[in-house]
Amino acid sequence: MKNSGNHSRRSFLKKSAIAALGIGVANTIKLDGLNAATITEEPVWPGPEDAFQLPALGYDYAALEPYIDATTMQIHYSKHHQTYVTKLNEAIEKAPELKGKSLKDLIMHINDMPEGVRNAIRNHGGGHWNHSFFWKLMSPKAKESLMSDNLRMAMEAKWQNMDTLKAEFNKAATGVFGSGWAWVIKDEAKVLHIVSTPNQDNPMMDIAAQRGKPIMGIDVWEHAYYLKHQNKRADYINDFWNVIDWKQVSDWYEGE
Ligand code: MN3
C-alpha cells in the first residue's frame with residue numbers, strides 16, 4: 001500500500017531524529033507529534049473517530065507506471081486528497097449537526113447544507129468522494145480485468161462499441177475547461193451517459209446539470225497529470241485507459 005522506499009526513508013529519518021535529539025523511548029509519543037508535522041509524508045489524521053479519513057490507496061505509488069507516475073500518485077493522494085479530507089472535516093466542525101452523515105448523503109444534498117459551509121462541503125466533500133472513487137477505479141491489474149456482460153450490453157446499447165465510447169469520453173475529458181472531471185454515469189434505468197463536471201462537483205450532487213451515479217471517471221485537473229504529461233491532457237487521457245479496472249466498473253454498474 002505504502003511506498004516502501006519512502007517508508008524506509010521515513011523510518012530512518014525518524015530514528016535519526018530521535019538519536020539526534022537524544023530522546024529515549026519514553027518521549028517517543030511527543031516526538032511522534034512532531035514527526036506528524038515535519039517528517040511524515042503519509043497523511044496523519046488526529047481527529048475523532050467519526051471524522052472522514054483518507055482511504056487506503058490499495059497499491060503502491062509506482063504501481064500504475066508507466067501510465068501514471070509515482071510522484072504524481074504520491075502528491076495527488078497524500079497531499080491533494082488529504083487536503084480535501086482535512087478541509088471537509090474542518091467544515092463539519094463548523095456545522096456539527098452534519099456529524100455522522102455519510103459522505104454520499106452530504107454531497108447529494110448540497111442545496112440543504114448550511115450556507116456557511118455549503119461551498120466547503122461541495123468542494124471538499126466532492127473532492128473526497130471523487131478521489132476515493134478514482135483510486136478504486138484504477139488498478140495495476142487493469143489489463144486482466146473484464147467487463148461484465150450486463151455492462152457490455154449497456155455500453156453497446158448506447159455507443160455500439162468500445163471505440164465509440166472511448167472517442168466520446170475522450171472528447172468530454174479533453175473539453176473540460178479548466179479543472180474538473182469527465183464521467184460515465186448510470187441513470188435510474190441503468191442507461192449510461194457521458195457527462196463532465198467543473199471543479200470537484202460530482203454527478204450525484206443535487207446541483208449537477210445531469211444527475212446519475214458514476215461508474216467511471218477521470219480527474220482532469222492539471223495536478224493529475226502535469227508532472228508527466230505537462231500540457232498534453234490528451235496523452236494523459238489515453239494513458240488512463242490502460243489503468244481502468246473494468247471489474248470494478250462492472251461492480252459499480254451492477255450495484256445499487
Ligand atoms: Mn485530483
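These are my notebook entries on what I looked up in this predicted model.

**Entry 1: the whole chain**

I started with the overall layout. I found ten helices and three strands in the chain. Going along the sequence, I wrote the pattern down as α-α-α-α-α-α-α-β-β-β-α-α-α. Then I looked up burial: 45% of the 256 residues count as buried. I also checked contacts with a separation of 6 or more, and 69% of them join residues 24 or more positions apart.

I wanted an example of residues far apart in sequence, so I picked D112 and D206. They are 94 residues apart in sequence, yet their C-alpha atoms are 9.4 Å apart in space. D112 is in the loop between α4 (103-107) and α5. Is D112 buried or exposed? It is exposed, since its relative accessible area is 58% and the cut-off for exposed is over 50%.

**Entry 2: helix α6**

Next I went to α6, which covers residues 149-159. Which residues of α6 are buried? I noted L151, A154, M155 and W159. Looking down the axis, I see these buried residues fall within an arc of 105°, so they line one face of the helix. On the face turned away from that side I found the exposed residues D149, M153 and A157.

What covers the buried residues of α6? My list includes α7, β1, β2, β3 and α10. So I had helices and strands to look at in the next entries.

**Entry 3: the turn after α6**

Right after α6 comes Q160, with a positive phi near 70°. That caught my eye because most residues other than glycine have a negative phi. Q160 is not a glycine, and its phi is still positive. It sits in the loop between α6 and α7. Q160 counts as exposed because its relative accessible area is 55%, and the cut-off is over 50%.

I found another case at N199, which is not a glycine either but has a positive phi of about 50°. N199 is in the loop between β2 and β3. Its relative accessibility is 40%, so I put it down as partly exposed.

**Entry 4: helix α7**

Then I moved on to α7, residues 162-175. It has 14 residues and spans 20 Å from first C-alpha to last, close to the 20 Å expected at 1.5 Å a residue. In α7 the buried residues are L165, F169, N170 and A173. Why do I say they share a side? Because they cover an arc of only 125° around the axis, which puts them on the same side of α7. The face turned away from the buried side carries D163, K171 and G175, which are exposed.

I also looked up what covers the buried residues of α7. The cover includes α6, β1 (180-186), β2 (192-198), β3 (213-219) and α9 (233-240). At the start of the helix I spotted a polar contact: a side-chain oxygen of N161 comes to within 3.2 Å of the backbone nitrogen of D163.

**Entry 5: α5 against α10**

Two packed helices are described by the angle between their axes and the distance between the axes. I looked up both for α5 (residues 115-137) and α10 (residues 246-254): the axes come within 8 Å and cross at roughly 125°. That makes α5 and α10 oblique to each other. Which residues meet there? From α5 I noted F133, K136 and L137, and from α10 I noted Q248, V249 and W252.

While on α10 I checked S250, which belongs to this helix. S250 is buried, because its relative accessible area is 3% and buried means under 20%. Leaving out neighbours within four places in sequence, its contacts are L146, M147, S148 and L151. L151 was already in my notes as one of the buried residues of α6.

**Entry 6: two odds and ends**

I looked up another serine, S78, in helix α3 (residues 70-94). S78 is buried too, with a relative accessible area of 5%. Where does its side chain reach? It reaches the backbone oxygen of Q74, at 2.6 Å.

Last, I checked a peptide bond. Most peptide bonds are trans. The one from E65 to P66 is cis, with omega near 0°. P66 is in the loop between α2 (28-38) and α3.

Methods: Residues are numbered from 1 along each chain as its sequence is written. This is a predicted model: local features need pLDDT of at least 70, side-chain atom pairs count only at pLDDT 80 or more; totals for chains, interfaces and linings use all residues. Side-chain values use heavy atoms; hydrogens and water are left out. Helices (H or I, at least four residues) and strands (E, at least two) are DSSP runs, numbered from the N terminus. The expected span of a helix is 1.5 Å times one less than its number of residues. Buried means under 20% relative accessible area, exposed over 50%, partly exposed in between (1.4 Å probe, protein chains only). The arc is that of the directions from the helix axis to the C-beta atoms. Contact means heavy atoms within 4.5 Å. A polar contact is a pair of N or O atoms within 3.5 Å; within protein, one must be able to donate a hydrogen and the other to accept it, and residues adjacent in sequence count only if both atoms are side-chain atoms. Axes are lines fitted to C-alpha atoms, for helices over the stretch in contact, and angles run from 0 to 180 degrees between N-to-C directions. Angles under 35 degrees count as roughly parallel, over 145 as roughly antiparallel, 65 to 115 as roughly perpendicular and the rest as oblique.
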